[in-house]
Amino acid sequence: MAIQETPVIEVRNLTHFYGQRRIYEDLNFLVEPGRIFGLLGKNGVGKTTLIKLLMGFLRPVSGTCQVYGDTSHALSPATRRRVGLLFEGHLAHDYLTIAQAEAFQSRWYPKWRRDRYYDLVDRLALPYSHKIKNMSEGQRSQVVLGLLMAQDPDLLILDDYTMGLDAGYRRLFLDYLTDFVRDGQKTVFVTSHVVQDLEQLVDDVIFLQRGGTVLQTGLSAFMKDFCQYRLPCPPDQTALPTPDAVIHNVEREAGQYFSVYSFHPQDAVASALQQQGFALPETGLKAVPMSLEDAFIGFTGKY
Amino acid sequence: MRALFLKEWVKLRPVWGLLLVANGLLMLYLWIDMRHHFRVEHAEMLYYQANRIGRLFYSDMRYAPLLTGLLLALAQFWPEVTKGRLRLSLHLPVGLATLTLTYLTIGLGGLAVLLLLEALALYGIIALYFPIEFANSALVTASAWILAGFVAYLGVTMIVLEPGRGRKLFYSVIVGGLVWLCHLAQHYGQAAPLLPGLIALTLLLIPAVFLPVFRFRYGGRS
């Protein structure tokens, strides 16, 4: 009989409110070891709140979050040692110097990889006596990433690592993350505003929507099943198809087009459109190639 | 814990140094002021004022320990809370109680050194011009003010770390009352009967700090 691995993260029936505002209701998902999870959602859907709940900085109204089998608001020091946590805004003890930050963090983690830290930090070409608070956002992100990589955690949780980073630093971050995951049985749970960055990185995605609805799926399955169909939309046409059991979402596009998004096969979408009185193009309905960002917009809506 | 001590020392060093200089300058001023009194007035007149009228020649330092404790607590915890850095420490693989105690030990230790130096300087200045009994009495009188420094440190720590506004207000009232009690005595020796009670109340603030820390850790719930 195969031994079932404990999930890295297990969220069961999670419900959370801010005052009267419902953030999630009955949220459930699992994060298996060795996978890279992208948590996607628009601003304000509760991505950072979910990370705070997972790390025990908030207690849920009801339901449970477990990390390596520990209840999230009672994580043992041993479990926290296994989790590398990047806080939004590349939070750091910015009054420390490059060398002091390494000296401080290294005391807490037995698997500390000093070489990883200095590999990243040496690229900054700054003296080790340079204070973190005197660095740019990109430079600080590199120090923080170095500290996380040196910690050699089993689970890396990154809360919007892209914030304030230019394309070069984002790419560097992604390269290091990719190498980190290849290095062993590592699990990554990442949120980002720059959705296209995650396309090359993540295995699974969790889409969070307002009100707490959630879709957890493999990225390749999602990109295969979720399709975009583009139809002409003359300037005088005001009515658009209405989402139904087949049509997930409809968005008006620039250049006199509208896009229909669906998880259903082409025939079913064509039939649904015709039932709503929309004529199909003469060439028939064809799926348009999509990036993850296109699919994200299609799934969650533009606004 | 050595790592935490080192980190906190790096953070507090500039403010601690400034407070040391500021308190040093205040004590220097007290000494110059005292020397001036003894130059322009007869010693017996000053002894009379101190002994019979109860004039405190060192009352200018009355609120210095309070300000020292308050500023040290703000320097230690205000940026941690407003910049969110406290969450970094709370994620370290160490128990919350141990972490809290370490932070408090560092802060209270730094404050104790500053206030001890201040008390020693006061004792030295008074002993330089007055009989030793006056110096002993000055220490007792200043002890209540020094306790106010510890109350301010612990109280401000509680208020800053507490996530709920209502509780912040409640703590402010309690701490304000304790600080008022510490400054109640107007003449030398008056504070002596209050000291054991004040010490006990101040010590009670140490475990009381744990509640806002736990509430901060778990997002505002006890």
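Two strands count as paired if DSSP finds at least two bridges between them, and the strands themselves (E, at least two residues), like the helices (H or I, at least four), are DSSP runs numbered from the N terminus. On that footing, β12(A) and β13(A) are joined by 6 bridges and run antiparallel. One of the facing pairs puts A:I247 opposite A:S262 in β13(A). The two strands make a hairpin with 3 residues between them, and in the turn A:G255 has a positive phi of about 85°.

A word on the ground rules. This is a predicted model, where local features need pLDDT of at least 70 and side-chain atom pairs count only at pLDDT 80 or more, while totals for chains, interfaces and linings use all residues. Residues are numbered from 1 along each chain as its sequence is written, with chains lettered from A and ligands numbered from 1 in the order in which they are written.

The hairpin belongs to an open sheet of 4 strands in chain A, in the order β12-β13-β11-β14, with antiparallel pairing. β12 (247–253) and β14 (287–288) of chain A sit at the edges with a single partner strand each, so one side of each has no neighbour in the sheet. Further in, β11(A) is tied to β13(A) by 6 bridges, and A:L231 has A:F258 of β13(A) as its bridge partner. On the way to the β14 edge, 2 bridges link β11 (residues 227–232) to β14(A), again antiparallel; here A:Q228 stands opposite A:V288.

Two helices pack on this sheet. Helix α9 (residues 266–275) of chain A touches β11, β12, β13 (257–262) and β14, and its direction makes about 125° with that of β13(A). Contact here means C-beta atoms, placed from the backbone, within 7 Å; axes are lines fitted to C-alpha atoms, for helices over the stretch in contact, with angles running from 0 to 180 degrees between N-to-C directions. Helix α10 (residues 292–300) of chain A touches β11, β12 and β13, at about 110° to β12(A).

Zooming out, chain A has 10 helices and 14 strands, and its C-alpha trace spans about 70 × 45 × 45 Å along the principal axes. Of its 303 residues, 38% are buried, that is, with 20 or more other C-beta atoms within 10 Å of their own, those atoms being placed from the backbone.

What about the insides? The largest nonpolar core (buried Ala, Val, Leu, Ile, Met, Phe, Trp, Tyr and Cys residues joined through C-beta atoms within 7 Å) has 77 residues, and A:F37, A:I157, A:F189 and A:V190 have the most contacts inside it. Helix α5 (residues 137–151) of chain A gives the most to this core, with 7 residues. The core draws at least three residues from each of domain 1 (9–219) and domain 2 (226–300) of chain A, the bounds coming from an automatic or database domain assignment. Setting aside neighbours within four places in sequence, A:I157 is in contact with A:I51, A:V83, A:L85, A:L86 and A:F189. A second, separate core of 54 residues includes B:M61, B:L90, B:I159 and B:V179.

Back to α5(A): 12 of its 15 residues are buried, so the helix is largely enclosed by the rest of the structure. Its buried residues pack against β6 (83–86), α3 (98–106), α4 (114–121), β7 (155–159) and α6 (167–182) of chain A. Just after α5(A) comes A:D152, with a positive phi near 55°.
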